[in-house]
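Hi there,

Here is the structure I promised to pass on, with my notes underneath. Have a look at it first, and then read on for what turned up.

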Amino acid sequence: TEAIGLYNLGQSCSLNSVLQVFFMNIYFTGILRRITVPLSSAQRRNNVPYQMLLLLEKMQCGKCKAVGPTDLAHCLSEHRVKLFVQHDAAQLFLTLWNLLKKQMKKPELVEELSDLYTICIQEHLACLNCPFEKTTNSTMLTLPLPVLDANSHRLKTLEDCLQHFFHPEELTGQNMCFCQQCGRKTTFLQSMKLVRLPQTLTLHLKRFCFERLSPTHKLSHYLPFPQELDFNEILTENWCQADDSEKATWQYELFAVVAHSGSSSCGHYCAYIRSLTEGKWYCFNDSEVCQVSWDDVKCTYGHSNLYWRETAYLLIYMRKHPQ
């Protein structure tokens with residue numbers, strides 16, 4: 001079976017969950033298997049793609065129910081990823097991806113990795129006092145979706161979160177921008193447009209709330225997410241900057257959920273992942289792996305009064321019709 005667990009080395013549940021999401025993605029492992037093996041033993045010890053490949057092969061031997069990611073963890077510690085501390089899964093995902101991209105020597109593999117995961121966004125800024133406008137294109141690894149609106153009211157569905165992210169916003173007060181034409185800081189209208197979506201799309205639900213003069217707290221309220229997601233039905237023409245052939249690929253199916261239980265200061269991660277070869281859902285809870293149902297996955301929608309229950313934090317969708 002491809003569903004093999006990873007032993008917890010000490011607060012490594014976030015690393016284990018993110019690794020399982022990488023390893024269960026057959027498009028990612030297809031890239032990983034074609035990396036250049038470093039020449040020296042020292043280079044191999046400190047090379048994240050190579051250590052991930054060794055761990056993947058160890059997992060696929062199929063002789064035990066779980067393996068320990070010890071060598072990879074020590075490799076990551078050489079790149080300032082601390083051991084035995086609680087990591088944020090979204091930040092760890094970004095750190096791992098950046099290290100992978102940096103240490104893959106073949107340019108074609110770096111390009112494939114970028115195409116597989118990166119989202120292209122066009123940001124438009126318009127001064128509300130004069131005709132000055134500015135447009136920039138950027139890439140993102142995840143879409144950071146707010147779960148509260150501008151008035152701190154709870155958003156009710158994932159579709160609401162996506163629409164809120166792309167809705168134009170006035171930048172006032174401390175958020176004002178410098179206008180080259182006015183020669184001073186003025187109020188701007190900021191709008192985001194979607195240019196390109198990748199094969200593997202990662203949505204980050206901003207469940208952890210950071211406020212001035214108050215401790216970070218977790219937003220655990222109920223927020224359902226669908227098994228299938230069509231961006232053409234969610235976003236209007238004003239929120240898209242793509243041709244019809246690109247938008248025809250914007251149909252997705254849920255592939256994985258990285259869920260968090262507990263509070264902002266003390267918690268645990270696990271991953272629910274749908275096998276792309278079997279079509280079955282599995283729960284990866286460190287060394288324990290078991291087959292689950294869609295109803296089990298739906299338990300990560302959240303509940304306001306049950307803070308210690310699992311709540312979806314990262315949603316990973318896979319394009320329904322791979323190019």
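Let me begin with the largest pocket: its lining is made up of 22 residues, and those nearest its centre are P146, L148, H164, E169 and K206. Before going further, please keep in mind that this is a predicted model. The space in that pocket comes to about 910 Å³. Four elements, β5 (143-146), α8 (158-166), β9 (188-196) and β11 (208-211), each give at least two residues to the lining. Of the elements, β11 has the largest share, with 4 residues. If you sort the lining of this pocket by class, you get 12 nonpolar, 6 polar and 4 charged residues.

Then there are the enclosed spaces. How many cavities of 30 Å³ or more are there? The count comes to 2. The largest cavity holds about 50 Å³ of space and is lined by V18, V21, F93, T202, V258, L314 and I316. Helix α1 and strand β18 (311-319) each supply at least two of those lining residues. By class, the lining of the largest cavity has 6 nonpolar residues, 1 polar and no charged.

The second largest cavity has about 40 Å³ of space. Around this second cavity sit V21, N25, F93, Y117, T200, T202, F255 and I316, which divide into 5 nonpolar and 3 polar residues, with no charged ones. You will see some names in both lists: V21, F93, T202 and I316 line the largest cavity and also line the second largest.

Since α1 came up there, a few words on that helix. Helix α1 covers residues 13-23, and 11 of its 11 residues are buried. Among them are the polar residues S14, N16, S17 and Q20, along with V18 and V21, which you have just met in the lining of the largest cavity.

S14 is worth a click in your viewer. S14 sits in helix α1 and has a relative accessibility of 1%, so this residue counts as buried. Leaving out residues up to four places away in sequence, S14 is in contact with H87, A89, L92 and Y269. For a sense of scale, the C-alpha atoms of S14 and Q199 are 23 Å apart in space, while the two residues are 185 apart in sequence.

L19, another buried residue of α1, leads us to the packing. The largest nonpolar core has 55 residues, and those touching the most other members are L19, F22, F28, V48, M52, L96 and Y117. Helix α6 (residues 89-103) contributes the most to this core, with 8 residues. Again not counting residues up to four places away in sequence, L19 touches L6, M52, L55, P69, L72 and L96. Apart from this core lies another one of 44 residues, including I121, F225, L254 and Y272.

Finally, the charged pairs. Side chains of opposite charge can pair when their charged atoms come close. The structure holds 5 salt bridges, and three of them are described here.

- E112 and R34 form a salt bridge in which the closest N and O atoms are 2.5 Å apart. Because E112 lies in helix α7 (residues 107-117) and R34 in the loop between α2 (26-32) and α3 (41-45), the pair ties together parts that are 78 residues apart in sequence. E112 is partly exposed, at 31% relative accessible area, and R34 is partly exposed too, at 36%.
- K247 pairs with E237, the closest N and O atoms being 3.1 Å apart. K247 belongs to helix α10 (residues 244-247) and E237 to the loop between α9 (231-234) and α10, so this bridge ties together parts 10 residues apart in sequence. K247 counts as buried, at 9% relative accessibility, whereas E237 counts as exposed, at 59%.
- K298 forms a salt bridge with D295, with 3.4 Å between the closest N and O atoms. Both residues are in helix α11 (residues 294-298), 3 residues apart, so about one helical turn separates them. K298 counts as partly exposed, at 32% relative accessibility.

That is the tour, and I hope it gives you a handy start with the files.

Best wishes

Definitions and conventions. Residues are numbered from 1 along each chain as its sequence is written. This is a predicted model: local features need pLDDT of at least 70, side-chain atom pairs count only at pLDDT 80 or more; totals for chains, interfaces and linings use all residues. Side-chain values use heavy atoms; hydrogens and water are left out. A salt bridge is a side-chain nitrogen of Lys or Arg within 4 Å of a carboxyl oxygen of Asp or Glu. Buried means under 20% relative accessible area, exposed over 50%, partly exposed in between (1.4 Å probe, protein chains only). On a 1 Å grid over the protein atoms alone, a cavity is a set of points where a 1.4 Å probe fits but cannot get out, and a pocket is an open set with protein on both sides within 12 Å along at least five of seven lines; lining residues have an atom within 4 Å of a point. Grid points are joined across faces, edges and corners, and a volume is the space filled by probe spheres set on the points. A nonpolar core is a set of buried Ala, Val, Leu, Ile, Met, Phe, Trp, Tyr and Cys residues joined through side-chain atoms within 4.5 Å. Contact means heavy atoms within 4.5 Å.
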